[in-house]
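Me: I am new to this structure and would be grateful for a close look at a single part of it, the sheet. Please describe how its strands are arranged, and then place it in its surroundings.

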Amino acid sequence: MKEKTIDYVLRATWQAVARMYNEEATKYDATMATGFALLSLDREDGTPSTALAPTMGMEATSLTRTLKSMEDRGLIIRKKNPNDGRGVLIYLTDFGKEKRELSRNTVLKFNDTIRKNIPAEKLQHFMEVAESINELIQDKSIFNHPSTSEMAQQTEI
């Protein structure tokens with residue numbers, strides 16, 4: 001069997017998780033993106049619309065469609081930011097708070113199930129590896145520096 005690349009394992013795992021969450025969300029006429037947005041919004045004080053996309057790791061254009069859908073469904077309302085007239089705060093409605101709790105319980109169930117089935121030490125290693133990968137990406141350490149194999153190829157030329 002061919003060895004799988006790290007990015008393949010990450011991508012395949014995330015796609016499986018996303019598919020699982022979307023299947024669960026469908027039962028409640030929602031999507032994973034909606035659930036994630038609900039969990040990213042402040043329950044009481046509202047969240048600036050400009051802060052939401054970076055918090056969720058999404059592009060603003062993708063988030064706009066999700067927020068429009070959430071507003072149409074009565075999950076959120078938008079109000080002008082009293083501290084910045086140019087900005088908008090997004091608030092959860094009572095219905096949005098109910099759906100947020102449902103999303104929260106879904107995520108907690110996933111986490112509890114993983115913790116019951118994978119030893120704590122393995123999960124700790126997983127978290128450390130994921131954190132290291134994120135740091136390498138954020139530091140632009142992957143494609144901005146020649147790798148060992150690239151340096152070897154350059155010296156052969």
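Reply: The account below begins with the model itself, proceeds to the sheet and ends with the helices.

This is a predicted model, in which local features need pLDDT of at least 70 and side-chain atom pairs count only at pLDDT 80 or more, while totals for chains, interfaces and linings use all residues. Residues are numbered from 1 along each chain as its sequence is written, and side-chain values use heavy atoms, with hydrogens and water left out. The pLDDT is the predictor's confidence in each residue, from 0 to 100. For the protein chain its mean is 90, and 91% of the residues reach 70 or more. Confidence is highest in helix 5 (residues 94-117), at a mean of 97, and lowest in helix 7 (residues 148-156), at 59. Helices (H or I, at least four residues) and strands (E, at least two) are DSSP runs, numbered from the N terminus.

The sheet is open and consists of three strands in the order 1-3-2, with antiparallel pairing. Two strands count as paired if DSSP finds at least two bridges between them. Strand 1 (47-48) and strand 2 are the edge strands, each pairing on one side only.

On one side, strand 2 (residues 76-81) is joined to strand 3 (residues 84-92) by six bridges in the antiparallel sense. These two strands form a hairpin, with two residues between them. Within this pairing, Ile-77 has Tyr-91 of strand 3 as its bridge partner, and Lys-80 lies opposite Val-88 of strand 3.

Strand 3 is also joined to strand 1, by two bridges, and these strands run antiparallel. Here Pro-48 faces Leu-89 of strand 3.

Turning to the helices, the axes of helix 2 (residues 32-40) and helix 3 (residues 49-56) come within 10 Å and cross at roughly 120 degrees. Such axes are lines fitted to C-alpha atoms, for helices over the stretch in contact, and angles run from 0 to 180 degrees between N-to-C directions. Helix 2 contributes Ala-33, Phe-36, Ala-37 and Ser-40 to the contact, and helix 3 contributes Leu-52, Thr-55 and Met-56; contact means heavy atoms within 4.5 Å.

Finally, the whole structure holds seven salt bridges, each being a side-chain nitrogen of Lys or Arg within 4 Å of a carboxyl oxygen of Asp or Glu. One salt bridge links Asp-7 with Arg-11, whose closest N and O atoms are 3.0 Å apart. Because Asp-7 and Arg-11 are four residues apart in helix 1 (residues 6-26), about one helical turn separates them.
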